[in-house]
Amino acid sequence: MAASQGGSGITMPNPMHQFEIQRYFPWEIGGIDVSFTNSSLFMVLAVVLTSAFLILTMRGTSLVPGRLQSISEMLYEFVRNMVRDSTGPKGEKYFPFIFSLFIFILVINLLGMLPLGHYSFTPTSHIIVTFALAALIFVGVTIIGFWKHGIGYLKLFAPSGVPWYMLPIIIPIEIISYLTRPISLSVRLFANMMVGHTLLKVLGGFAGALGVAGIGPLLLMVPFTGLEILVAFLQAFVFAVLTSIYLNDALNMHDH
Amino acid sequence: MAEYHRSTTPEDREARKDRLMRQRLEDVGARLDKMSPEAGKALQKPSPVATKRQSIGQALRLGTDLVAGVAIGGLIGYWLDQWFGTRPILFIVFFLLGTAAGFLNVYRTAQDIQKEQAELVRQGKLDLGQDLPDSEDD
């Protein structure tokens with residue numbers, strides 16, 4: 001909020017300032033910057049908060065759950081159904097991973113919606129964070145595919161029923177389509193989070209700078225904040241759904 | 001407990017544990033049904049809001065799927081051109097292939113959506129002939 005720009009008397013907070021990395025504990029190992037930043041802080045916070053919440057609410061489990069326990073159970077069931085629907089019985093082994101992934105992204109997205117002024121930050125609005133997650137999934141799914149099907153996993157690139165003279169065109173297209181997975185997965189999450197947060201900040205800036213007329217942008221911010229919370233949830237959901245769809249391709253290798 | 005300690009491989013044990021768990025769940029489900037048959041049915045039907053939320057999620061996938069195909073194709077072509085010094089032939093070829101891959105992505109996503117809808121209609125959870133109850137307000 002401190003940085004302001006523009007002349008002519010009206011000052012507006014820079015809408016991109018919220019994406020700046022701040023190093024809380026500068027640290028360097030062998031020329032690589034491994035500082036503990038605000039991004040790391042929010043990721044640690046997400047892990048600690050979810051672990052604490054899930055462990056505490058599920059400690060004294062009763063058959064008829066209380067409010068908090070039923071939140072945990074609803075989350076569990078929601079992801080469980082999603083994984084079962086998209087991967088079948090073979091995918092149940094990977095449920096803990098997808099559950100953690102979903103909750104991690106969801107909580108990071110929602111923590112970013114907290115109005116903490118100078119300190120608020122959304123790690124998922126940085127492409128490197130989302131790309132690291134997507135790359136992990138991409139490499140993991142590819143390894144699982146080759147591990148389950150051996151070299152036969154390459155058949156994914158040559159769908160059955162395609163005449164042989166089409167294969168020189170189809171195979172590169174299929175390979176490119178496979179390679180787009182981590183890109184579309186990471187860009188979707190990052191772009192949605194960044195655009196939404198920027199929009200809110202711009203509207204907020206107008207609301208502050210326009211004086212009495214600022215009531216317009218302020219009113220507009222109310223539905224957009226709600227929309228942003230919906231997007232925070234949806235993007236975590238889409239990320240988890242796509243992960244289980246990719247996992248399904250690797251486990252069951254059905255023809256498209 | 002004693003039953004699953006006898007099994008040999010860990011996979012076996014997992015499967016048995018899973019089966020026992022499922023049995024217990026079905027047991028509880030049956031008992032709940034007996035207590036109030038209506039409550040169970042109401043819970044199983046997804047609300048119109050839930051299906052709507054899912055469709056927004058699917059719609060969001062289409063845009064990036066298309067763009068990512070074009071971008072990846074273009075990048076691969078660009079790199080290969082630099083490698084072989086054949087600019088701009090491979091860039092053009094891979095740009096076109098990437099565009100095709102993008103359309104393929106979109107086509108598959110759309111297919112998945114249709115399959116899901118057909119499944120929902122078959123289960124009687126979704127009626128495409130009727131408007132969703134909450135669609136008057138938009």
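Here is a short conversation about a predicted model with chains A and B.

Student: Let's start with chain B: what pattern does chain B follow along the sequence?

Tutor: Happy to begin there. Chain B holds five helices and zero strands. Read from one end of the sequence to the other, the pattern of chain B is therefore α-α-α-α-α.

Student: What percentage of the residues in chain B is buried?

Tutor: A residue needs 20 or more other C-beta atoms within 10 Å of its own to count as buried. Chain B has 138 residues, and the buried share of them is 14%.

Student: Is B:R122 buried or exposed?

Tutor: First, its place: B:R122 lies in helix α5 (residues 89–122) of chain B. The cut-off for an exposed residue is 12 or fewer C-beta neighbours within 10 Å. Because B:R122 has 9 such neighbours inside 10 Å, B:R122 counts as exposed.

Student: How far apart are the C-alpha atoms of B:R122 and B:D33?

Tutor: Along the chain, B:R122 and B:D33 are 89 residues apart. In space, the separation of their C-alpha atoms is 23 Å.

Student: Now the contact between the chains: which element gives the largest share of the side of chain A that touches chain B?

Tutor: The contact draws 15 residues from chain A and 19 residues from chain B. On the chain A side, the elements giving two or more residues are α5 (167–209) and α6 (215–252) of chain A. With ten residues, the largest share comes from α5(A).

Student: And how many charged residues does that side of chain A have?

Tutor: Sorted by class, the side of chain A that touches chain B has ten nonpolar and four polar residues. The number of charged residues there is one.

Student: What span should helix α1 of chain A have?

Tutor: Helix α1 covers residues 38–57 of chain A, which is 20 residues. The expected span is 1.5 Å times one less than the number of residues. The end C-alpha atoms of the helix are 28 Å apart, in agreement with the expected 28 Å.

Student: What arc do the buried residues of α1(A) cover around the axis?

Tutor: The buried residues of α1(A) are A:S39, A:F42 and A:A46. They sit on the same side of α1(A), because the arc they cover around the axis is only 65 degrees.

Student: Which elements do those buried residues pack against?

Tutor: It helps to look at both sides of the helix. On the other side of α1(A), the exposed residues include A:V44, A:V48 and A:I55. The buried residues of α1(A) pack against β6 (36–37), α3 (95–111) and α4 (127–149) of chain A.

Terms used:
Residues are numbered from 1 along each chain as its sequence is written. Chains are lettered from A and ligands numbered from 1 in the order in which they are written. This is a predicted model: local features need pLDDT of at least 70, side-chain atom pairs count only at pLDDT 80 or more; totals for chains, interfaces and linings use all residues. Two residues are in contact if their C-beta atoms, placed from the backbone, lie within 7 Å. Helices (H or I, at least four residues) and strands (E, at least two) are DSSP runs, numbered from the N terminus. Ala, Val, Leu, Ile, Met, Phe, Trp, Tyr, Cys and Pro count as nonpolar, Asp, Glu, Lys and Arg as charged, and the others, Gly among them, as polar. The arc is that of the directions from the helix axis to the C-beta atoms.
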